[in-house]
2 protein chains.
Amino acid sequence: MPDRRQLRLGAFMRPVTIHTAAWRYPGAYTDANFNFQHLKRFAQTLERGKFDAFFMADHQALLNMPIQALKRSGTVTSFEPLTLLPALAVVTERLGLIATASTTYNEPYHVARRFASLDHLSGGRAGWNLVTSGNPHEAMNFGRDEHVEHDARYARAREFFDVVTGLWDSWADDAFIRDVESGVYFDPAKLHTLNHKGEHFKVKGPLNIARPVQGWPVIVQAGASEAGRQIAAETAEAVFTGQTSIVEARKFYADVKGRMAKLGRSPDHMKILPGVFVVVGDTVEAAQAKKRKLDSLVHPDSGIASLSVALGSDVSGFDLDGPLPEIPESNASQSGRQRLVDMAARDNLTVRQLAQIVGGSYGALELIGTPASIADKMEEWFATHACDGFNVMFPYVPEGLDDFVDRVIPELQRRGLFRKEYEGRTLRENLGLPRPENRFFSS
Amino acid sequence: MPDRRQLRLGAFMRPVTIHTAAWRYPGAYTDANFNFQHLKRFAQTLERGKFDAFFMADHQALLNMPIQALKRSGTVTSFEPLTLLPALAVVTERLGLIATASTTYNEPYHVARRFASLDHLSGGRAGWNLVTSGNPHEAMNFGRDEHVEHDARYARAREFFDVVTGLWDSWADDAFIRDVESGVYFDPAKLHTLNHKGEHFKVKGPLNIARPVQGWPVIVQAGASEAGRQIAAETAEAVFTGQTSIVEARKFYADVKGRMAKLGRSPDHMKILPGVFVVVGDTVEAAQAKKRKLDSLVHPDSGIASLSVALGSDVSGFDLDGPLPEIPESNASQSGRQRLVDMAARDNLTVRQLAQIVGGSYGALELIGTPASIADKMEEWFATHACDGFNVMFPYVPEGLDDFVDRVIPELQRRGLFRKEYEGRTLRENLGLPRPENRFFSS
């Protein structure tokens with residue numbers, strides 16, 4: 001079935017699971033987040049399952065929550081993404097390696113170099129999740145008293161992208177001739193000096209590293225606000241989203257792919273991947289029992305704190321058994337907040353109920369059932385253009401990850417929805433994305 | 001011989017050799033600098049030789065030289081250090097991994113995180129070579145028109161060190177209790193928020209990663225100016241130096257260790273390691289012939305350019321067959337420049353001769369001979385307190401590296417000067433350095 005559209009699957013590792021109480025689940029590795037031997041095992045299992053990529057989120061500060069919640073978080077210590085992924089590159093062969101790097105508190109020269117280095121080390125498997133940082137605790141680790149405002153962050157991010165991709169194009173793909181006889185290592189005509197001078201950055205270049213194997217590492221984004229959608233349509237090749245309703249997901253899909261078409265980009269050149277939290281059981285009831293067991297391990301302090309983070313507003317003073325009051329504007333992710341406000345209204349949730357949901361899975365789409373029922377839902381979303389695949393969140397590890405790879409993947413393969421072997425060697429090849437032309441040199 | 005003082009050996013990888021023409025030497029891998037499979041082989045060979053550490057230099061720009069020289073440089077493209085070393089950590093078990101990271105164009109929070117991450121990934125084998133950036137080409141990649149002045153760079157570096165080590169001490173070593181029963185992951189009493197507010201940095205903390213395995217990664221420095229010696233005496237645990245004369249080396253050794261004693265630090269807690277460029281042959285004549293062969297591969301354009309970089313002054317207009325004229329003050333390394341000026345005067349060198357030397361080995365100490373003659377010289381330096389060991393530069397790879405490991409190391413071991421097995425698991429343990437106390441928590 002070479003022509004049939006195929007599901008794309010990322011694994012949302014943070015670096016492991018997003019669930020606050022996962023480390024307490026029976027059989028879980030309590031130090032999974034911070035033990036390279038475990039992470040190696042997870043990455044190799046994902047590769048056995050033919051996943052497109054291991055995706056690592058990032059925060060440049062402790063999570064912004066009260067200490068009574070923070071002290072219960074198994075993700076409070078973890079590896080830095082661009083140090084972990086080169087190590088995982090050595091123990092895998094085909095799995096894509098996507099790291100989050102903020103454009104708010106970094107310099108484009110550093111970011112361009114590190115992702116180029118990871119791309120070369122991994123033989124073309126790097127991806128850059130381009131984010132902006134709105135967390136005030138991150139600001140305070142970088143000399144600021146206040147976060148940077150939402151729109152200013154996006155303007156900087158857009159220029160940051162131009163500088164990084166310009167630096168990646170510093171060298172033609174065939175610049176390095178290494179002619180021992182004449183002693184010439186590279187052809188100077190194939191080296192370009194960027195000389196970028198913009199509103200936010202002045203960067204001369206060139207980059208001191210060869211053009212990445214993939215031309216550019218795959219560009220990934222997650223913003224869903226107006227500014228986020230626009231920058232995604234202009235630049236992104238994969239987008240992680242957070243819709244929980246198939247109707248909303250189709251609207252988002254059509255909107256962003258429509259924006260791409262207007263910009264002259266092929267809609268096929270972006271893969272839209274909603275996050276999905278998956279719990280697998282022999283029966284739907286057994287899966288639901290696992291989820292209840294997991295949620296019972298969430299301490300109330302954690303749920304309230306997680307909800308406060310997600311809403312960008314302290315909810316600890318709210319009536320836990322009343323409806324969600326009006327939430328003031330804040331600097332948190334605008335689309336994420338609105339999704340929760342809408343969900344609470346739609347499902348008539350109390351603050352406590354909303355907190356339990358958010359403490360568990362941050363309000364992502366949840367698929368709790370058998371391999372067949374989960375595959376049914378994935379197929380429906382995929383076939384009706386609500387998505388191009390999913391960014392899978394495991395409820396606990398190793399069991400939740402093993403369940404997905406050993407039980408759901410074979411079901412997706414049986415239906416012809418998912419690969420049985422990797423199609424290519426690079427992340428781009430496996431995602432079906434074109435290799436970018438070098439803007440300074442034609443190939 | 002547990003009480004006998006032992007030589008310490010670092011491998012100066014850049015990431016491979018420092019010699020401009022090394023890639024043209026018969027049998028050399030022309031892409032050694034930029035091929036992970038070769039680097040893996042080199043690191044594993046160093047570990048077989050019981051080397052203390054793989055040391056990776058860094059530049060945040062292309063080398064500052066004219067294009068007619070640059071195009072001949074095999075080091076023009078290479079991995080970024082903190083992406084390469086995590087990958088090497090996976091393929092080695094005991095070898096220390098030291099990366100250069102500049103304090104001039106980085107943020108302390110990022111540097112603290114990445115080295116802590118590398119230290120955890122490698123089981124306590126990380127070292128940080130703390131440098132300042134005086135290269136104007138680096139400045140222009142980070143929004144500046146001009147380099148930062150020497151003294152201002154050192155003032156920033158000193159505060160940078162305080163912030164990074166303060167962040168490493170954010171968590172007590174036993175902060176993570178991971179009590180599944182109560183659901184408490186860490187003890188909040190064992191978390192410290194730095195709240196640093198200084199002249200150059202305002203950093204709140206805490207770091208979002210557990211205290212490094214070694215407490216702190218090993219602190220390495222290379223500055224030899226007045227400011228460089230003082231910051232080394234205050235903070236460094238290993239110092240890379242560039243003396244070529246044993247008399248000068250003893251003076252430097254006595255000076256820096258004397259400064260340490262005045263500050264209340266034990267002189268044993270710093271290892272002084274001059275760079276040494278080693279060419280091994282069956283006879284002294286055979287080794288000299290190898291060196292001549294290598295130097296014959298240096299193009300004149302490269303030699304003049306390398307000398308210009310080292311002196312911080314364009315020498316291309318000088319009379320190549322005359323003596324070195326007066327060199328104006330510049331922003332280049334002051335101690336490095338003075339060393340070359342002194343060498344030219346002492347040995348009555350023409351500009352051309354100095355350029356050939358610098359194009360080859362940057363004017364480091366050269367030991368060209370048999371395993372026995374090389375070991376003799378190393379022993380003399382070591383026994384007379386000119387050094388605590390060496391930072392070895394290989395003339396070409398793989399042959400030069402293999403020669404050292406297979407021929408010189410056994411000779412040093414036979415003399416009881418160098419270990420036959422690693423003493424410990426961490427870089428600190430192998431270097432004989434104490435684990436730093438946590439300034440906020442007593443153990």
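What follows is a walk through the packing, salt bridges, symmetry and backbone oddities of a predicted model.

The two copies make a good starting point. Chain A can be laid on chain B by a turn of 180 degrees, with a shift of 0.0 Å along the axis and an RMSD of 0.0 Å. That is the relation of a two-fold axis. On the chain A side, Ala87(A) has the C-alpha nearest this axis, at 2.2 Å. As for the contact between the copies, 100% of the interface residues of chain A are also interface residues in chain B, so the two meet through the same surface.

Thr77(B) gives a close-up of contacts that reach from one chain to the other. This threonine sits in the loop between α2 (67-70) and α3 (81-90) of chain B, and with a relative accessible area of 0% it is buried. Setting aside neighbours within four places in sequence, Thr77(B) touches Phe176(A), Asn208(A), Ile209(A) and Ala210(A) from chain A, along with Asn33(B) and Phe34(B) from chain B. With Ala210(A) there is a polar side to the story: the backbone nitrogen of Ala210(A) is 2.8 Å from a polar atom of the Thr77(B) side chain.

Turning to the nonpolar packing, the largest core takes in 198 residues. The residues with the most contacts inside this core are Phe51(A), Phe54(A), Phe51(B) and Phe54(B). Apart from it lies another core, this one of 27 residues, and Phe12(A), Ala21(A), Ile98(A) and Phe240(A) are among its members. To see what one of the well-connected phenylalanines packs against, take Phe54(B). Leaving out neighbours within four places in sequence, its contacts include Leu39(B), Ala43(B) and Leu46(B), as well as Leu85(B) and Leu88(B). Phe54(B) also contacts the run Leu95(B), Gly96(B), Leu97(B) and Ile98(B), and the set is completed by Ala11(B), Met13(B) and Pro15(B).

Cysteines add no cross-links here: a search of the whole structure turns up zero disulfides over all chains. Cys387(A) is buried, at 0% relative accessible area, and Cys387(B) is likewise buried at 0%.

Salt bridges, on the other hand, come to 68 over all chains. In one of them, the side chains of Arg439(A) and Asp169(A) meet at 3.1 Å, N to O. Arg439(A) lies in the segment after α15 (427-431) and Asp169(A) in the loop between α6 (150-168) and β5 (176-179), so the pair ties together parts of chain A that are 270 residues apart in sequence. The partners differ in exposure: Arg439(A) is partly exposed at 40% relative accessibility, whereas Asp169(A) is buried at 0%. These two residues also belong to a network of salt bridges with shared partners, which joins them with Asp173(A), Arg211(A) and Arg435(A).

Another bridge in chain A pairs Arg428(A) with Glu237(A), the closest N and O atoms being 2.7 Å apart. Here helix α15, which holds Arg428(A), is tied to the loop between α7 (226-235) and β10 (238-241), which holds Glu237(A), and the parts so joined are 191 residues apart in sequence. Both partners are out of the way of solvent by the accessibility cut-off: Arg428(A) is buried at 2%, and Glu237(A) counts as buried at 8%.

Over in chain B, Asp321(B) and Arg352(B) form a salt bridge of 3.0 Å, N to O. Asp321(B) is in the loop between α10 (300-311) and α11 (334-346), while Arg352(B) is in helix α12 (residues 351-361), 31 residues away in sequence. This time Asp321(B) is exposed, at 51%, and Arg352(B) is partly exposed, at 36%.

Finally, a few backbone details stand out. The peptide bond from Gly205(A) to Pro206(A) is cis, with omega near -5 degrees, and the bond from Gly205(B) to Pro206(B) is cis too, again with omega near -5 degrees. Pro206(A) is placed in the loop between β8 (202-203) and β9 (218-221) of chain A, and Pro206(B) in the loop between β8 (202-203) and β9 (218-221) of chain B.

Positive phi values also crop up outside glycine. His385(A) has a phi of about 60 degrees; this histidine lies in the loop between α13 (371-383) and β13 (389-393) of chain A and is partly exposed at 40%. For Asn195(B), phi is near 55 degrees. Asn195(B) belongs to the loop between β6 (184-186) and β7 (196-197) of chain B, and its relative accessible area of 43% makes it partly exposed.

Key
Residues numbered from 1 in each chain as written. Chains lettered and ligands numbered in written order. Predicted model: local features only at pLDDT ≥ 70, side-chain atom pairs only at ≥ 80, totals over all residues. Heavy atoms only, no water. Core = buried A, V, L, I, M, F, W, Y, C linked by side-chain atoms within 4.5 Å. Buried < 20%, exposed > 50% of the residue type's maximum accessible area, 1.4 Å probe, protein only. Contact = heavy atoms within 4.5 Å. Disulfide = S-S within 2.5 Å. Salt bridge = Lys/Arg side-chain N within 4 Å of Asp/Glu carboxyl O. Helix = DSSP H or I, 4+ residues; strand = E, 2+ residues; numbered from the N terminus. Least-squares fit on C-alpha atoms with pLDDT ≥ 70 in both. Polar contact = N/O pair within 3.5 Å; in protein donor to acceptor, adjacent residues only side chain to side chain.
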